[in-house]
Amino acid sequence: MKGISKSFHGIHANRDINLHVESGEILGLLGENGAGKTTLMNILYGLYQPEAGSIEINGRPINIKSPMESIRHGIGMVHQHFMLIQNHSVIENIALGYKDTPFFFPKIKIRERVKEFSRQFDFKVDLNQKVWQLSAGEQQRIEIIKALLNGADLLILDEPTSVLTPQEIKELIDILRKMKAQGHMIIFISHKLDEIMDICDRVTVLRKGEIVGHAHTRDTDKKSLARMMVGRDVVFNISREKLAPGGQVLNVDNIHVTGDKGMPAVRGVSFDLYENEIFGIAGVAGNGQRELAEAITGIRKIDSGKVHVRGREITNLSPRKIYDNGVSHVPEERIRFGIAPGLFLYDNAILKQHHLKKFSRRYFLKYGQVKNHAKTIIRDFKVSTHSIDNQIRNLSGGNIQKLILGREISEQPQLLVASHPTYGLDVGATEFLRQHLLELRKKGSTVLLFSEDLEEIFELCDRVAVIFDGEFMGILNSDDPGLCDIGLMMAGSKRLEPKDRAS
Ligand SMILES: Nc1ncnc2c1ncn2[C@@H]1O[C@H](COP(=O)(O)OP(=O)(O)OP(=O)(O)O)[C@@H](O)[C@H]1O
Ligand SMILES: [Mg+2]
């Protein structure tokens with residue numbers, strides 16, 4: 001890519017960008033939320049037309065006017081937010097995007113080719129399942145297969161790991177390494193610097209739409225990359241002052257919840273949360289975390305057991321009533337459940353809060369107040385947008401996340417239920433969010449934090465519960481020597497009593 005520029009509403013999303021990738025190479029693309037990574041890749045994939053610049057493959061200038069053409073030139077893309085059709089089966093989704101799909105549905109041919117790739121790269125896929133039944137990692141594998149079937153020599157992955165479990169990330173990385181060994185080119189976008197250092201050969205860093213640096217991963221480190229991205233030093237380890245827990249905020253008493261597939265997902269979980277504390281739930285994804293968060297916040301039915309907030313029962317109340325009881329929620333799939341994409345930014349800034357007195361009078365919204373509120377969130381959470389009269393779908397992925405976080409936590413909730421709050425945030429925004437959670441804790445709030453990132457858990461939490469197969473394997477204080485067994489607990493062993501632990 002040579003001299004690529006693109007602007008929206010007079011603001012440059014990309015300015016004079018030069019980028020190259022060689023065969024058998026993995027190039028990392030780094031940059032803060034809104035730096036222009038997705039835009040640049042959408043140009044390469046033919047979704048946007050650049051205002052200036054050119055694209056060459058093997059030294060030959062090419063003109064990419066649509067994704068169809070980029071696919072013909074051997075370019076494939078897995079988008080930041082999956083684009084599979086949820087109600088169709090896997091094979092139907094693959095056929096829909098298959099460039100050689102003739103008038104009649106060539107299921108047999110597709111099945112054969114998918115089998116071939118599964119063997120080659122160690123994929124596991126069930127072609128007959130419906131997409132909504134798949135985990136994020138499985139959906140992503142389908143997207144990669146789609147690109148490979150179309151003969152992609154160059155595969156673009158836009159934040160492929162931000163919604164995956166650590167195990168799924170490992171599997172993905174294995175697949176990418178095999179592709180690299182076969183001479184494929186890969187452009188890999190991620191905010192996780194460890195990952196970039198691990199699998200990329202080179203990195204290019206964008207800031208505010210311009211390239212600010214290149215580096216070979218073997219000659220650089222995490223700290224320098226972060227500095228290049230943000231333009232200042234980033235604190236990777238923040239300190240948490242000791243606070244005595246205050247009064248009880250949440251009481252969960254022996255709840256049972258059923259999962260999507262009709263099986264028990266939460267099986268008899270009990271715990272209490274207090275003011276001034278961050279309580280972490282650690283565990284491998286799919287062990288009941290999502291169902292537990294949804295049950296407490298009113299999105300999913302509780303089959304038996306009770307939940308109280310400050311002594312008031314909230315079991316199976318509506319999400320809005322639970323919100324009115326001081327419980328905020330940052331859901332796991334924020335883009336799907338957290339926003340209304342076609343609405344303006346300021347409407348999205350008050351979802352679930354539109355009925356509050358300060359935002360509405362009878363049936364009418366007080367737009368002045370609503371817009372001021374949106375502006376405050378944008379300022380405090382550094383949401384990058386050219387104006388608040390912008391549809392939220394035009395924001396970059398990370399900036400959408402920041403707006404949702406701002407909406408849910410700016411009001412000082414009594415209890416914040418946060419599922420993977422740092423997914424999709426750049427290093428600077430992650431640092432800011434962690435500080436903010438500690439700030440809430442200091443002011444007396446309680447945070448229930450679901451995270452698979454043990455580093456994040458250790459850094460923020462006063463106590464940690466480990467969940468496995470819908471049950472708590474134990475609850476540990478942050479200074480408990482048993483924390484070293486947390487890996488075992490995540491794999492299903494109950495907490496060892498000190499006397500049983502080998503010293
Ligand atoms: N269709 C669009 N209309 C208006 N503005 C857009 C559009 N697409 C992108 N932008 C703007 O271009 C800028 C760059 O966005 P982009 O999505 O490329 O960022 P990004 O680097 O991928 O960020 P993130 O890490 O958050 O995904 C942002 O300010 C965004 O609001
Ligand atoms: Mg992006």
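Two residues are in contact when heavy atoms of one lie within 4.5 Å of heavy atoms of the other. Keep that in mind as we walk through this model, which is predicted.

Let's start with Phe188. Leaving aside residues up to four places away in sequence, Phe188 touches a whole list of others. Among them are Ile26, Leu27, Gly28 and Leu29, along with Leu157, Pro160 and Leu176. Glu195, Ile196, Ile199 and Cys200 are also on the list. Phe188 belongs to the largest nonpolar core, a group of 49 residues, and together with Ile94 it has the most contacts inside that core. There is also a second, separate core of 45 residues, and its members include Ile238, Ala349, Phe359 and Leu440. In soluble globular proteins, nonpolar side chains tend to be buried together.

Now hop over to strand β19, which covers residues 415-419. Is this strand buried or exposed? Five of its five residues are buried, so the rest of the structure largely encloses it. You can check both faces: Leu415, Val417 and Ser419 are buried on one side, while Leu416 and Ala418 are buried on the other.

What does β19 pair with? One partner is strand β16 (residues 327-330), which runs parallel to β19 and is joined to it by four bridges. Look for Ser328, whose bridge partner in β19 is Leu416. Another partner is strand β20 (residues 446-450), again parallel, with five bridges. Here Val417 has Leu448 as its bridge partner in β20.

Finally, trace the chain from β19 through helix α15 (residues 427-442) to β20: these three pieces form a right-handed β-α-β unit.

Technical notes:
Residues numbered from 1 in each chain as written. Chains lettered and ligands numbered in written order. Predicted model: local features only at pLDDT ≥ 70, side-chain atom pairs only at ≥ 80, totals over all residues. Heavy atoms only, no water. Core = buried A, V, L, I, M, F, W, Y, C linked by side-chain atoms within 4.5 Å. Buried < 20%, exposed > 50% of the residue type's maximum accessible area, 1.4 Å probe, protein only. Helix = DSSP H or I, 4+ residues; strand = E, 2+ residues; numbered from the N terminus. Pairing = 2+ DSSP bridges. Right-handed = clockwise from strand over helix to strand, strands pointing away.
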